[in-house]
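Me: Hey, can you help me read this structure? I'd like to go through a few bits of it.

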Amino acid sequence: MSLKRKAAELAGDAKKVKPNASITSFFGAPKPKPGATSTAAANFDREAWITKLTDEQRDLLKLEIDTLHESWLPHLKDVFISPQFLELKRFLKKELASGKTVYPPMRDVYSWSRHTPLNTVKAVILGQDPYHGPNQAHGLCFSVRPPTPAPPSLKNIYTALKKDYPEFKAPPKNGGLLTPWAERGVLMINTCLTVRRGEANSHSGKGWEQLTQKVIDTVAKTRTNGVVFLAWGKPAEGRVKGVNGEKHCILKSVHPSPLSASRGWFDCGHFKKTNEWLTQRYGKEAVIDWNLDLEPKEADLEVAGKVDAEDAAKDPA
């Protein structure tokens, strides 16, 4: 029996709550309200916005213009042109120009937005700083590309999942690729979106936090029928403190890191609780299939190979 089917059955055994929204409305575009951000998004003219940028702004924001999914831009555009964010982009430009290796590769900084467009978000997992080793970070929190093995925190996530769903299957070959979750509606985003190689938190406090908080606030505001926020650790809890707990489901736990996991992580039950809440709110079709037993796509392997080659060229050691 598939994990998705089993999840639906388990959730169905929970207290019956009449769904207050159809699955169609859940997966459709965010429901607009008069004067709300979603209305502005519907009328957003991307090309006109780009035309109004100064030459320097267009240069600094090329990554955002070229790689951010279009569903997010109308909601984040004001942050992008703020003095703090533009200063962050100047800082990143200097880092790269000086020969520093920055993770994830620039093309992957906004991969979370492309794997999980705004109107598909069902759940949000919040991370902190990207992995700072070669062939690890690729824009989704906790996820690593093959052939990199799953890091310790991710292994602990698998252990908790196995408790919720004994039939859970992790990625092949001890892997850690979580793109299937992202493509099933789980937004996985770090608080800081870049890091210098080998230097944890080296890009923290530079401006990313302003943007990622806006992402969280946007989900809370536009996904009006409710989503699940999974906040693991005190920093993540702080990011969701402004989220309406009556409209959305907020699940809190210690971080899955080996430093804290023994204080309650393994019994948090968040993955089953997520599916139970989604079932109660939207029906059985809304459950998330947490299984990861698919072979990586050729595109992921190809990108991983290119990243390894680029790293070796920059730093043969």
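Below we chat about one helix and some salt bridges.

Reply: Sure, but this is a predicted model, where local features need pLDDT of at least 70, side-chain atom pairs count only at pLDDT 80 or more, and totals for chains, interfaces and linings use all residues. Residues are numbered from 1 along each chain as its sequence is written, and side-chain values use heavy atoms, with hydrogens and water left out.

Me: Is helix 12 largely enclosed or not enclosed?

Reply: Helix 12 is largely enclosed by the rest of the structure, because 11 of its 15 residues are buried. Buried means under 20% relative accessible area, exposed over 50%, partly exposed in between (1.4 Å probe, protein chains only). Helices are DSSP runs of H or I, at least four residues, and strands are runs of E, at least two, numbered from the N terminus.

Me: Which residues are buried there?

Reply: Among them are W208, L211, V215 and I216.

Me: New topic: how many salt bridges does a search of the whole structure find?

Reply: The search finds 13. A salt bridge is a side-chain nitrogen of Lys or Arg within 4 Å of a carboxyl oxygen of Asp or Glu.

Me: What does E95 pair with?

Reply: E95 forms a salt bridge with R196, with the closest N and O atoms 2.7 Å apart. That pair links distant parts of the chain, since E95 is in helix 8 and R196 in strand 4, 101 residues apart.

Me: Are those two buried or exposed?

Reply: Both E95 and R196 are buried.

Me: And what about K62?

Reply: K62 meets D66 in a salt bridge (2.8 Å, N to O). Both lie in helix 6, 4 residues apart. K62 counts as exposed at 51% relative accessibility, while D66 is partly exposed at 49%.
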